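Thank you for asking me to look over this model with you. Please keep the structure open beside this note while you read, and turn to each named part as it comes up.

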Amino acid sequence: MTAAADITPLEVTALPTVCFVGGGHMAASLIGGLLAAGLDRGRIRVAQRNAERAQALRLRFEIEVVADAATAVSGAAIVVLAVKPQQMAQALTQFKLAAGTTVISVAAGVRVASFARRLPGCSIIRAMPNTPALLRAGISGLYAPADTSATACAQAQTLLAAAGEVCWVDSEAQLDALTAVSGCGPAYYFKLTEVLRAAGTALGLDAAVSARLALQTFIGAARMAQAASEDVAVLRQQVTSKGGATEAALAVLESADLSRIFEDALRAAEQRSRERGDDLERSTSL
Ligand SMILES: NC(=O)c1ccc[n+]([C@@H]2O[C@H](COP(=O)([O-])OP(=O)(O)OC[C@H]3O[C@@H](n4cnc5c(N)ncnc54)[C@H](OP(=O)(O)O)[C@@H]3O)[C@@H](O)[C@H]2O)c1
């Protein structure tokens, strides 16, 4: 991929016309972010085949939404592929793109080689956003093959920044590892919140009180971690007094080898992500 250090981020207002193929949840969050950041609504077009969803997008964003992907992509310098992975093969039969078009896919598991076969001459960039992108609080991984132009990379970076933070990975395989961390990460957080509240209830706290304590404690700690200049390990040490309650709790977690459990969990997620990509290539005509 093009080294992230080489990429000069663009102003959102400098983006050329962007066309979204698929106007669902992820497209809507990106569109909302782009408009909030100042992109002219006339520079956004969407292909959305579902008439009800198309009308909802028109009303919400006052942008052009058409059913036909070929009409929508015509003349667009950037095309964002935002259909479900299993819908991608069919979507790619509907239009052709001029060489030099920047194509950004947010579809999990659909590989660059599959797009390159269908969209010759285009710059293909894969993005892996995560669910908090829907609140513009996400983090997206980006991957582009080494020969991708700095302009296309900058366009992708600027576009995904509409949904939160952005980071680049060096190989397409690393998108599977990134998926295991940030793609699946919100579920780990939700699970830990569930576990914390259940444990509080087991200690005799009222269930509703325990639920509030668990939710707000994690949110507060996350905000502290984001605001602090210290590493999270230092923050942990700062709240762990020698011989205190936190130290006692952490000792139990460490004796259960929490690090190993998480590593195993992430290896399972990475492997499943890779297999899903293999399955997609086999089962659809990508
Ligand atoms: N949502 C997330 O948090 C998240 C996170 C990471 C990655 N992603 C990726 O983002 C992509 C979109 O996810 P999503 O949650 O936004 O899905 P979604 O809400 O189902 O949106 C996809 C939309 O595209 C429409 N569509 C499908 N094929 C089309 C075509 N050929 N022409 C025009 N419209 C078409 C679908 O219409 P129908 O309703 O008629 O099918 C649907 O409304 C997926 O590939 C997913 O892997 C999503």
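The numbered points below go from the whole chain to its domains, its core, its helix pairs and some single residues.

1. Before anything else, please bear in mind that this is a predicted model. The protein holds 12 helices and 8 strands, and its C-alpha trace spans about 65 × 35 × 35 Å along the principal axes. Of its 286 residues, 33% are buried. When contacts with a separation of 6 or more are considered, 65% of them join residues that stand 24 or more positions apart.

2. The chain is divided into two domains, with domain 1 covering 4-170 and domain 2 covering 185-255. If you take the C-alpha centre of domain 1 and that of domain 2, you will find them 37 Å apart.

3. The largest nonpolar core has 58 residues, and the members that touch the most other members are F20, V21, V80, L81, I125, A156 and L159. The element that gives the most to this core is helix α1, residues 25-36, which supplies 6 residues. L159 is a good residue to follow by eye: leaving aside residues up to four places away in sequence, L159 touches L15, V18, L30, I78, V80 and I104.

4. Is L92 buried or exposed? This residue lies in helix α4, residues 88-92, and L92 counts as buried because it has 23 C-beta neighbours inside 10 Å, where 20 or more are needed for that label. Although L92 and V21 are 71 residues apart along the chain, their C-alpha atoms are separated by 9.6 Å. V21 is also one of the core residues that touch the most other members.

5. Two packed helices are described by the angle between their axes and the distance between the axes. With that in mind, look at helix α8, residues 185-202, and α9, which pack at an angle of about 140° with their axes 8 Å apart. This angle makes α8 oblique to α9, because an angle must be over 145 degrees to count as roughly antiparallel. The crossing of α8 and α9 is right-handed. On the α8 side the residues that meet α9 are Y189, T193, L196, R197, G200 and T201, and on the α9 side they are A207, S210, A211, L213, A214, L215 and F218.

6. A second helix pair can be read in the same manner. The axes of helix α7, residues 174-183, and α12 come within 8 Å and cross at roughly 130°, which makes α7 oblique to α12. The contact between them is made by D176, A177, T179, A180 and V181 of α7 together with L266, A269, E270, S273 and R274 of α12. As for handedness, α7 passes α12 in a right-handed crossing.

7. Two further helix residues are worth locating. A221 lies in helix α9, residues 207-227, and it counts as partly exposed because 14 C-beta neighbours lie inside 10 Å, a number between the limits of 12 or fewer for exposed and 20 or more for buried. The C-alpha atoms of A221 and A67 are separated by 45 Å, and these two residues are 154 residues apart along the chain. L253, in turn, has its place in helix α11, and L253 counts as exposed because it has 11 C-beta neighbours inside 10 Å. Between L253 and A198, which are 55 residues apart along the chain, the C-alpha separation is 16 Å.

8. Finally, please check the backbone at two loop residues. Most residues other than glycine have a negative phi. Phi of E62, however, is near 55°, a positive value in a residue other than glycine. E62 is found in the loop between α2 (51-61) and β3 (64-66), and E62 is exposed because 11 other C-beta atoms lie within 10 Å. What is phi of D257 near? Phi of D257 is near 60°, again a positive value in a residue other than glycine. D257 sits in the loop between α11 (245-255) and α12 (258-283), and D257 is exposed, with 11 other C-beta atoms within 10 Å.

Definitions and conventions. Residues numbered from 1 in each chain as written. Predicted model: local features only at pLDDT ≥ 70, side-chain atom pairs only at ≥ 80, totals over all residues. Helix = DSSP H or I, 4+ residues; strand = E, 2+ residues; numbered from the N terminus. Domains from an automatic or database assignment. Core = buried A, V, L, I, M, F, W, Y, C linked by C-beta atoms within 7 Å. Contact = placed C-beta atoms within 7 Å. Axes fitted to C-alpha atoms, helices over the stretch in contact; angles between N-to-C directions. Parallel < 35°, antiparallel > 145°, perpendicular 65-115°, else oblique. Left-handed = near helix turned anticlockwise from the far one by under 90°.
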